[in-house]
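I opened this notebook to keep track of what I looked up in one chain. The entries follow the order in which I checked things.

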Amino acid sequence: MKSSYFHLRHMAKVSAKLSVAVVLDQRLSRVEEMSAAAPGTSKAAQSDVAAKKKKGPGALATAYLVIYNVVMTAGWLVIAVGLVRAYLARGSYHGLYYSIEKPLKFFQTGALLEILHCAVGIVPSSVVLTGFQVLSRVFLTWAITHSVREQHVVTSAALWSRRLTCASPQVQSEDSVLLFVTAWTVTEIIRYSFYTFSLLNHLPYLIKWARYTFFIVLYPMGVTGELLTIYAALPYVQKTGLYSITLPNKYNFSFDYYAFLIVVMLSYIPLFPQLYFHMIRQRKKVLGHAEDYSKVE
């Protein structure tokens with residue numbers, strides 16, 4: 001009970017920090033807009049503000065980011081092609097995860113570099129928001145989808161005296177895994193393409209529109225798949241005590257992974273609406289100007 005209580009307190013703190021980060025990000029953008037268009041401000045001053053806002057990373061950092069985003073775009077395209085080929089070969093969507101398991105783990109883990117990019121300042125994004133989004137996916141990839149495997153005993157007919165303990169995938173076979181993998185794949189192809197063309201100062205409107213539109217469906221789709229996958233893992237985690245630490249031990253510390261997963265699921269309740277509506281506001285801000293401009297034209 002104590003460990004569950006501390007888990008709840010910890011997740012509450014994380015939720016509060018994320019909420020503060022979202023609010024600060026919104027307020028900062030509003031202050032910048034107000035200062036850029038303040039009455040009495042000269043055009044030269046306004047242009048200086050705009051130049052500072054548009055100032056990006058240096059040439060070396062830009063080259064690195066372009067390469068990184070191109071590689072990540074190609075990686076998620078490989079995953080997409082793998083899913084389509086496996087579906088056409090099998091004629092069923094069941095078990096498609098196994099056809100893209102290795103590239104999914106590699107490129108999703110590679111997204112950890114995005115946190116570093118924000119921390120060193122070559123990408124002007126919140127470390128807290130980026131860290132939460134990336135770590136939640138890496139957690140689901142490794143600590144849930146990869147780790148939850150059901151042990152069962154197989155008795156060989158030929159070798160009747162031997163009992164073989166094998167690991168058979170449990171969560172990987174769930175349809176919910178394909179749900180969030182599909183959502184992630186489409187989202188990441190669009191997102192990394194968006195970053196690549198933005199760095200090259202040649203962003204097609206179609207990619208820009210897709211970046212701020214497809215999430216309306218893909219974000220809830222991915223969250224639904226993630227929650228259903230965690231829920232499917234709960235019985236096995238409770239039965240086996242996976243990643244749990246029980247007392248007594250020399251560190252006098254306990255950890256209940258089952259309770260932790262429940263807290264993780266509950267944390268989606270306050271966090272998902274904040275992030276989702278933040279993207280809605282960003283969509284209005286980014287695409288609204290283009291729509292207004294087209295009306296004027």
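In which helix is W209 found? I looked this up before anything else, keeping in mind that the model is predicted, and I found W209 in helix α8.

Entry on the whole chain. I listed the secondary structure and noted 10 helices and two strands. Reading from the N terminus, I wrote the order of the elements as α-α-α-α-α-α-β-β-α-α-α-α. I also noted that the chain has 297 residues, of which 36% count as buried.

Entry on the surface. Going back to W209, I saw that this residue belongs to a nonpolar surface patch together with V186, Y205, L206 and F214, and that the accessible area of the five residues together is about 470 Å². I then asked which helix gives the most to the patch, and the record of my check reads helix α8, residues 205-211, with three residues. For W209 I noted a relative accessible area of 31%, and I therefore entered the residue as partly exposed, since that class lies between 20% and 50%.

Entry on backbone angles. I kept in mind that most residues other than glycine have a negative phi and that most peptide bonds are trans, and I went through the exceptions with that in view. N201, which is not a glycine, has a positive phi near 55°, and I located N201 in the loop between α7 (175-199) and α8. Is N201 buried or exposed? Its relative accessibility is 71%, so I entered N201 as exposed, the cut-off being over 50%.

Y243 is another residue that is not a glycine and yet has a positive phi, here of about 60°. I placed Y243 in the loop between α9 and α10, and with a relative accessible area of 44% I entered Y243 as partly exposed.

P248 has its place in the loop between α9 (215-240) and α10 (257-296). For the peptide bond from L247 to P248 I noted an omega near 0°, and I entered that bond as cis.

Entry on helix packing. I recalled that two packed helices are described by the angle between their axes and the distance between the axes, and I looked up both values for one pair. Helix α3, residues 59-90, packs with α7 at an angle of about 150°, and the axes are 8 Å apart. Because angles over 145 degrees count as roughly antiparallel, I wrote down α3 as roughly antiparallel to α7. I closed the entry with the handedness, noting that α3 passes α7 in a left-handed crossing.

Conventions:
Residues are numbered from 1 along each chain as its sequence is written. This is a predicted model: local features need pLDDT of at least 70, side-chain atom pairs count only at pLDDT 80 or more; totals for chains, interfaces and linings use all residues. Side-chain values use heavy atoms; hydrogens and water are left out. Patches are made of residues with over 30% relative accessible area and no salt bridge: like charges are joined within 9 Å, nonpolar side chains (Val, Leu, Ile, Met, Phe, Trp, Tyr) within 5 Å. Accessible areas come from the Shrake-Rupley method with a 1.4 Å probe; for residues, only the protein chains shown count as cover. A salt bridge is a side-chain nitrogen of Lys or Arg within 4 Å of a carboxyl oxygen of Asp or Glu. Helices (H or I, at least four residues) and strands (E, at least two) are DSSP runs, numbered from the N terminus. Buried means under 20% relative accessible area, exposed over 50%, partly exposed in between (1.4 Å probe, protein chains only). Axes are lines fitted to C-alpha atoms, for helices over the stretch in contact, and angles run from 0 to 180 degrees between N-to-C directions. Angles under 35 degrees count as roughly parallel, over 145 as roughly antiparallel, 65 to 115 as roughly perpendicular and the rest as oblique. A crossing is left-handed if the near helix is turned anticlockwise from the far one by less than a right angle, and right-handed if clockwise.
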